[in-house]
Amino acid sequence: MPAEATRVAAVQSAPVFLDRDATIEKAVGLIQEAARNGARFVAFPETWIPGYPAWIFGAAGWDDPAQKRVCGRLSANAVEVPSPATDLLCEAASAHGVFVAMGMTERDLLTSRGTLYNSILFVSDGGEILGVHRKLMPTHAERIVWSQGDGSTLHVLETSIGRIGGLACWEHWMPLTRFAMHAKGEQIHVAAWPEVGNSELHRFATRHYAFEGRCFALCVIGASLRPEHLPADFELADAMGASDDFEADAAASGGTCIFAPDGTIVADDSVAGEETIVYGDLDLSRIPEEQAALDVVGHYNRADIFTFAVDERPRQPVAWRRAAGEPADTRISEIEERTPIQRRVLP
């Protein structure tokens with residue numbers, strides 16, 4: 001490993017489905033294991049807490065009581081930021097001196113708590129919440145459970161191990177989203193994917209992102225969720241079979257892997273579906289070497305022809321207005337004080 005290299009860990013694992021607290025307990029153990037093996041950065045799959053809602057592809061009844069109950073379970077096990085759930089992740093990151101990127105379903109604190117987001121939580125090696133990215137466009141049936149994020153969460157975060165960021169799933173097919181992230185000088189990218197879908201397509205999109213953005217990219221795919229992993233009282237077990245690879249042959253294709261800024265493979269020792277941690281040693285000095293040939297924001301861009309603007313203002317559903325001197329609603333004030341990270345615009 002080069003003297004200046006940073007070891008990263010991409011976790012390919014299944015959550016304790018629809019059980020936030022048990023999944024966080026599992027995450028703490030995996031963070032400890034990755035740190036013990038020298039990792040400075042640990043990344044988890046898409047919506048790993050409390051699991052990807054694959055039932056949406058097989059059950060979307062408007063008034064279906066089972067669908068309503070399952071969505072209620074997802075909401076009850078979603079993560080608020082900050083909360084005791086994020087405190088545990090922050091404590092684990094601080095105790096082991098690692099940065100963490102955690103895929104999760106996030107419950108919004110600024111509204112009625114009824115709106116959910118497909119989010120990635122970033123935590124520093126000192127246990128500080130650095131930011132939360134919310135998926136800009138939920139894909140296909142995902143719109144049943146998740147709302148849209150906004151430009152205020154397109155974070156690329158300056159850290160002691162480099163500039164880190166992340167996107168979820170099919171955001172990697174959004175050209176302007178990619179360009180916005182590249183323009184922020186991202187060096188280590190988390191491409192978070194669920195356990196369902198075509199893992200080779202996940203890998204292809206991540207590899208393209210690394211090559212285009214001249215950054216290191218972690219393709220983090222969940223381990224297969226099988227029928228025996230579902231809660232015994234899960235209402236929509238049959239609907240889970242509608243996802244692309246529920247109960248699929250795990251050996252059919254590769255799984256979690258890590259790509260270099262030229263699109264070559266840094267680490268690829270996983271089998272799709274299996275529980276494992278993939279490690280890679282990243283030498284950031286490779287990035288300017290590869291940018292000599294391609295910098296899509298700089299010398300390989302035609303700013304004289306193309307213009308592009310990104311609105312980073314947070315979009316809140318309610319603008320609270322009151323007369324001068326009138327006291328604010330206690331609950332709203334408390335929420336606003338607890339959630340500055342949602343309103344923070346990072347460089």
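**Entry 1: E80 and R107**

I began with R107, which counts as buried at 14% relative accessibility. The model I am reading is predicted. I then looked up the partner of R107 and found a salt bridge with E80, the closest N and O atoms being 3.1 Å apart. The two residues come from distant parts of the chain, 27 residues apart: E80 lies in the loop between α2 and α3 (84–96), and R107 belongs to strand β3 (residues 99–107). I noted E80 as buried too, with a relative accessible area of 11%. Buried here means under 20% relative accessible area.

**Entry 2: Other salt bridges**

I searched the whole structure and recorded 22 salt bridges. I selected further examples from the search.

I looked up E46 and found its side chain in a salt bridge with that of K135, at 3.6 Å, N to O. This pair also links distant parts of the chain, 89 residues apart. E46 sits in the loop between β2 (41–43) and α2 (65–76), while K135 sits in the loop between β5 (129–134) and β6. Are these two residues buried or exposed? E46 counts as buried at 2% relative accessibility, and K135 counts as buried at 0%.

I next examined D281 and R7, whose side chains meet in a salt bridge of 2.7 Å, N to O. D281 is in strand β12 (residues 276–282) and R7 is in strand β1 (residues 6–12), so that 274 residues separate them. I recorded D281 as partly exposed, with a relative accessible area of 27%. R7 likewise counts as partly exposed, at 28%.

I also noted a network of salt bridges that links R69, R73, D233 and E235.

**Entry 3: Surroundings of I31**

I located I31 in helix α1 (residues 20–36). At 0% relative accessibility, I31 counts as buried. Which residues is I31 in contact with, leaving aside its neighbours within four places in sequence? I listed V42, F44, A92, H96, V98 and V100. For V42 I also took the C-alpha to C-alpha distance from I31: 6.6 Å in space, with the two positions 11 residues apart in sequence numbering.

**Entry 4: The β6–β7 hairpin**

I followed strand β6 (residues 156–159) to strand β7 (residues 162–168) and found them paired in the antiparallel sense over 4 bridges. The two strands form a hairpin with 2 residues between them. To fix the register, I noted that E158 stands opposite R163 in β7.

**Entry 5: Helix α5**

I measured out helix α5 (residues 199–213) in the model. Its 15 residues reach 21 Å from the first C-alpha to the last, close to the 21 Å expected at 1.5 Å a residue.

At the N-terminal end, I found that N198 caps α5: a side-chain oxygen of N198 lies 2.9 Å from the backbone nitrogen of E200. Just after α5, R214 takes a positive phi of about 50 degrees.

Which residues of α5 are buried? I listed S199, H202, R203, A205, T206, Y209, A210, E212 and G213. An α-helix has 3.6 residues a turn, so residues three or four places apart point the same way. I then looked up what covers the buried residues of α5, and the elements include β7, α4 (175–183), β8 (188–193), β9 (216–221) and β10 (257–259). Strand β7 thus appears in two of my entries: it pairs with β6, and it is among the elements that cover α5.

Technical notes
Residues numbered from 1 in each chain as written. Predicted model: local features only at pLDDT ≥ 70, side-chain atom pairs only at ≥ 80, totals over all residues. Heavy atoms only, no water. Pairing = 2+ DSSP bridges. Expected span 1.5 Å × (residues − 1). Buried < 20%, exposed > 50% of the residue type's maximum accessible area, 1.4 Å probe, protein only. Contact = heavy atoms within 4.5 Å. Polar contact = N/O pair within 3.5 Å; in protein donor to acceptor, adjacent residues only side chain to side chain. Salt bridge = Lys/Arg side-chain N within 4 Å of Asp/Glu carboxyl O.
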